[in-house]
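Trainee: I would like a close look at one part of this protein, namely its charged and polar side chains and what each of them meets. Could you take me through that part slowly, and then set a helix beside it?

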Amino acid sequence: MENEKQPDDFTGTIKFVPPLHKQRYQFIKDLVIKYKPKKVADLGCADCTLLRMLKFYKCIEVLAGLDIRENVMKEKMHTLSPLPGDYLQPSERSLTVTLYHGSIAHEDPCMLGFDLVTCIELIEHLEATELEKFPKVVFGFMAPAMVVISTPNSEFNPLLPGVTLFRHSDHKFEWDRAQFQSWAVEAATRYDYTVEFTGLGTPPPGTEDVGFCTQIGVFRRKYPKNGETVSSEKPTEHAYKTAVYPSLKDEKYLQNAVVSEVIFGAEIMKQRLLGNFKSEDMEHSDGLQMQLKFQPFKYFLMCSKNHSPVEAEKLATDRSMEPFIDGNTVYIPLTKIFSIPKVNQLCGTIEKLSKLIDGKVALSNDGSAVIVTIEYEDEEQEN
Ligand code: SAH
């Protein structure tokens with residue numbers, strides 16, 4: 001089954017711009033921007049269109065989709081996987097997207113711990129027995145801070161050409177505003193939620209009394225839950241597909257990012273020290289660029305004489321933590337590396353920087369400076 005695109009697809013006098021299904025997704029996106037939920041579940045997610053849109057919102061760390069029809073989710077689920085760019089530049093937040101195959105009529109622990117639960121054009125597809133269980137499962141068991149339910153408003157149907165009974169052949173019912181609102185208020189009262197009604201798709205002039213084409217209930221839990229319920233970390237047997245996005249919260253991605261910033265930063269400092277630096281060489285790190293612009297280096301050029309490693313390291317400490325050259329080696333104190341804004345932001349402490357680059361970047365014996373070798377290529381070629 002396709003996701004619900006009616007009544008935008010009806011040919012007739014009524015045309016919603018943007019199409020109504022897009023307006024419904026926009027409604028959810030606006031709520032996400034406003035309330036910044038961390039964990040969002042879309043029940044009856046069908047081909048995952050909404051999930052695909054929501055994965056770009058930085059506040060969201062856990063996204064889940066549930067649908068009773070496996071084949072619908074399957075078709076487009078690859079579009080929820082991380083893209084190559086996500087690996088090249090891991091995000092600061094963590095994001096896990098999981099699709100579950102199952103019914104909303106079951107209390108599954110994997111559905112616990114969400115802040116926002118969306119049910120877009122779902123309830124009218126439920127069998128009577130499922131609809132009966134819905135409030136207990138969603139408001140009683142899942143009990144998220146916010147639930148959004150959208151469903152067709154049957155009062156609008158006479159304005160839709162070609163609609164005789166229901167808007168879609170799989171609909172088990174369609175409610176007018178009074179029916180939806182009394183069902184919603186009863187569920188909200190029983191499970192300690194407030195509910196506000198709104199809608200999308202305004203009727204044409206002269207027919208305003210039929211109300212919105214899509215009716216929406218926004219439910220908010222009245223009281224904070226005692227002890228937030230946490231969803232089970234392990235994917236349950238119903239988990240159909242889980243995509244874990246690369247994140248800087250994962251030590252291995254953080255290490256890659258830090259090492260690459262450090263190597264780049266050290267190279268720039270080396271070039272600068274050698275007098276080779278040109279501002280157009282720096283395309284990589286804005287932070288570093290700023291730093292170089294506003295805090296010109298004071299260098300200790302000691303090219304004339306080679307020191308023993310011990311002497312050189314002592315000099316590194318003595319020379320007020322500035323980079324210096326000894327023979328064909330450039331010593332860049334970690335404090336200098338740590339002052340690169342991006343490195344500073346990624347590591348937080350110099351100890352963490354030291355730990356992350358250990359074994360990945362050449363360091364002086366005491367670990368207090370990054371060392372970079374100068375290769376005098378031109379001279380060698382001439383000789
Ligand atoms: N939310 C989507 C799809 C709406 S169609 C959109 O906005 O376009 C309704 C979806 O609910 C279908 O994909 C259907 O398979 C699913 N569905 C029906 N009964 C269900 C149940 N008991 N549990 C979970 N999903 C169900």
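Mentor: What follows goes through the salt bridges, then some polar side chains, and then one helix.

Please keep in mind throughout that this is a predicted model. The protein chain has an average pLDDT of 85, and 80% of the residues score at least 70. A stretch to treat with caution is residues 279-306, where pLDDT stays under 50, although the model has 54 contacts beyond four places in sequence for that stretch.

Let us begin with the salt bridges, of which a search of the whole structure finds 12. One of them joins Lys136 to Glu107, with the closest N and O atoms 3.1 Å apart. Because Lys136 lies in helix H5 (residues 128-142) and Glu107 in the loop between E3 and E4, the pair ties together parts that are 29 residues apart in sequence. Both partners fall in the middle range of accessibility, since Lys136 is partly exposed with a relative accessible area of 48%, and Glu107 is partly exposed with a relative accessible area of 38%.

Another salt bridge brings together the side chains of Glu155 and Arg177, at 2.7 Å from N to O. Here Glu155 sits in the loop between strand E5 (146-152) and helix H6 (177-190), while Arg177 belongs to helix H6, so the pair ties together parts that are 22 residues apart in sequence. Glu155 is partly exposed, with a relative accessible area of 27%, and Arg177 likewise counts as partly exposed, at 27% relative accessibility.

The side chains of Asp250 and Lys252 also meet in a salt bridge, at 3.9 Å from N to O; for a salt bridge the cut-off is 4 Å. Asp250 is partly exposed, with a relative accessible area of 31%, and Lys252 counts as partly exposed at 49% relative accessibility. Elsewhere, Arg69, Asp170 and Lys172 are linked in a network of salt bridges.

Which charged residue, then, is buried yet has no salt bridge? That residue is Arg52, for which the nearest side chain of opposite charge, Asp47, is 4.6 Å away. Since a salt bridge requires a side-chain nitrogen of Lys or Arg within 4 Å of a carboxyl oxygen of Asp or Glu, the 4.6 Å between Arg52 and Asp47 does not qualify. Asp47 is nevertheless a partner in another way, as the side chain of Arg52 reaches the backbone oxygen of Asp47 at 3.1 Å. Arg52 lies in helix H2 (residues 49-54), and, leaving aside its neighbours within four places in sequence, Arg52 is in contact with Asp47, Lys76, Thr79 and Leu80.

Asp115 offers a further case of a side chain meeting the backbone, for a polar atom of its side chain lies 2.9 Å from the backbone nitrogen of Lys38. Asp115 is found in the loop between strand E3 (95-101) and strand E4 (116-120), and counts as partly exposed at 27% relative accessibility. Beyond four places in sequence, the contacts of Asp115 are Pro37, Lys38, Lys39, Pro144, Ala145 and Met146. Ala143 is 28 residues from Asp115 in sequence, and the two are 8.5 Å apart in space, C-alpha to C-alpha.

Gln215, placed in strand E7 (residues 214-221), counts as buried at 3% relative accessibility. The side chain of Gln215 reaches the backbone oxygen of Asp176 at 3.4 Å. With neighbours within four places in sequence left aside, the residues in contact with Gln215 include Ile149, Trp175, Asp176, Arg177 and Phe180; Arg177 is also the residue that pairs with Glu155 in the salt bridge described above.

Finally, the helix to set beside these is H12 (residues 350-357), in which Leu353, Leu356 and Ile357 are buried. These residues cover an arc of only 85 degrees around the axis, which puts them on the same side of H12. As background, an α-helix has 3.6 residues a turn, so residues three or four places apart point the same way. On the other side of H12, the charged residues Glu351 and Lys355 are exposed. What covers the buried residues of H12 includes helix H7 (251-273), helix H10 (334-338), helix H11 (341-347) and strand E12 (369-373). After H12 comes Gly359, whose phi is positive, near 85 degrees.

Terms used:
Residues are numbered from 1 along each chain as its sequence is written. Side-chain values use heavy atoms; hydrogens and water are left out. Helices (H or I, at least four residues) and strands (E, at least two) are DSSP runs, numbered from the N terminus. Buried means under 20% relative accessible area, exposed over 50%, partly exposed in between (1.4 Å probe, protein chains only). Contact means heavy atoms within 4.5 Å. A polar contact is a pair of N or O atoms within 3.5 Å; within protein, one must be able to donate a hydrogen and the other to accept it, and residues adjacent in sequence count only if both atoms are side-chain atoms. pLDDT is the predictor's confidence in each residue, from 0 to 100. The arc is that of the directions from the helix axis to the C-beta atoms.
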